[in-house]
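Open your viewer and get ready to select a few helices one after another. Each stop says what to pick and what to look for.

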Amino acid sequence: MDFVTLFGIYVAVVLTCIALVCRYSGQQHTPFSRVYSTLSEIVSPWIPQCIQNIFYRSMHRLFHQRNRFFIYLHLILEAAVYGEFSYEIFGFCLEMDTTLFNVCLPYFFLAIKSYIFYLCCSKDPGTLTKENHAVQLKVYQYDDKLFQEGIVCQTCQLVKPARSKHCSVCDRCVQRFDHHCVWVNNCIGAQNTRFFLLYLLSVCAMAGDIALLTADMLFHTVLRSGIMHAHYVGQQQPVGPLFVIQHLFMTFPRIVFMLGFVVFVFFLVAGRCGSVVWAANAIRSCRGALDKRMHYSTSDTSCCSNSFKQIVVS
Ligand SMILES: [Zn+2]
Ligand SMILES: [Zn+2]
């Protein structure tokens, strides 16, 4: 298989992953789940029952119970990216007259992100308890559509306040529940949504900054080497962009793969941030339009106003 085919497959895989994750993130029924179900139906008769039980137990432990696996995975990936950046790119950037401030900026983002990450992991998302239950019942109005009055959580034995939900992973009811995030091993709810959004923004800034510095380093390396003006031996024809890309892959394989990874992370997290901001704007315009009419009912707008509060007030 020649280089162009390999490079095409690499780019196609990265772009496909970005598109699929952005398209189906947060959805329960996706093409992946259907393919997984079909494959498990086909393969399961051929696999011994004990191995299947170990597999299902591992999956259940990984995705349906609180555990620190994704926190460790997150730290390992981060250490790999920063290790590569410090080992190969930091020195190059200094040689190319990039200012010390710009080269050190990723470490500044790392420090901020680590602190926010710690807050996301450790802060109580807003667990519903017998002590705060009476107060929480008054915070949001029931809309009688998504949130109906008088529904009792069978596990916690508490009447669910509007916008609260029982997290099956943490086994508790959480005020203004958004989702359970495996990367921070915690629910995202009323009291830590702001930290979660800051966490997404800091990861986005970190990945974007490293991607820019890496791309800048590769670009200047190509310019300085003069490879764009080189010729094939015995020919007048200059080498093309594909040759330059191949040269970069061969000379800096880890850096090029790291660049692909951080670009993937950037679009993944930026997509999540963008969807939250889009939701905030949609809710704001919805609220504005309704305010102008001045004849909407309280129950129709409670959901909108609560969602907006969740994003801007928390
Ligand atoms: Zn509950
Ligand atoms: Zn949870």
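Select helix α2, residues 31-43. Of the 13 residues of α2, zero are buried, so this helix lies largely in the open. Here, buried means that 20 or more other C-beta atoms, placed from the backbone, lie within 10 Å of the residue's own. Helices are DSSP runs (H or I, at least four residues), numbered from the N terminus. The end C-alpha atoms of α2 are 18 Å apart, which agrees with the 18 Å expected at 1.5 Å a residue (1.5 Å times one less than the number of residues).

A note on what you see: this is a predicted model, where local features need pLDDT of at least 70 and side-chain atom pairs count only at pLDDT 80 or more, while totals for chains, interfaces and linings use all residues. Residues are numbered from 1 along each chain as its sequence is written, and chains are lettered from A and ligands numbered from 1 in the order in which they are written.

Next, select α4 (residues 69-95) and α5 (residues 100-122). Their axes, lines fitted to C-alpha atoms over the stretch in contact, are 10 Å apart at about 170 degrees. The two helices are therefore roughly antiparallel (over 145 degrees, on a scale from 0 to 180 between N-to-C directions). Show I71, Y82, F85, F90, C93 and L94 of α4 with V103, P106, L110 and C121 of α5, which make the contact (C-beta atoms, placed from the backbone, within 7 Å).

Finally, keep α4 and add α7 (residues 193-225): the angle is about 45 degrees, with the axes 10 Å apart. Residues in this contact include F85 and C93 of α4 and L213 of α7.

How values were computed: Contact = placed C-beta atoms within 7 Å. Parallel < 35°, antiparallel > 145°, perpendicular 65-115°, else oblique. Buried ≥ 20, exposed ≤ 12 C-beta atoms within 10 Å, placed from the backbone.
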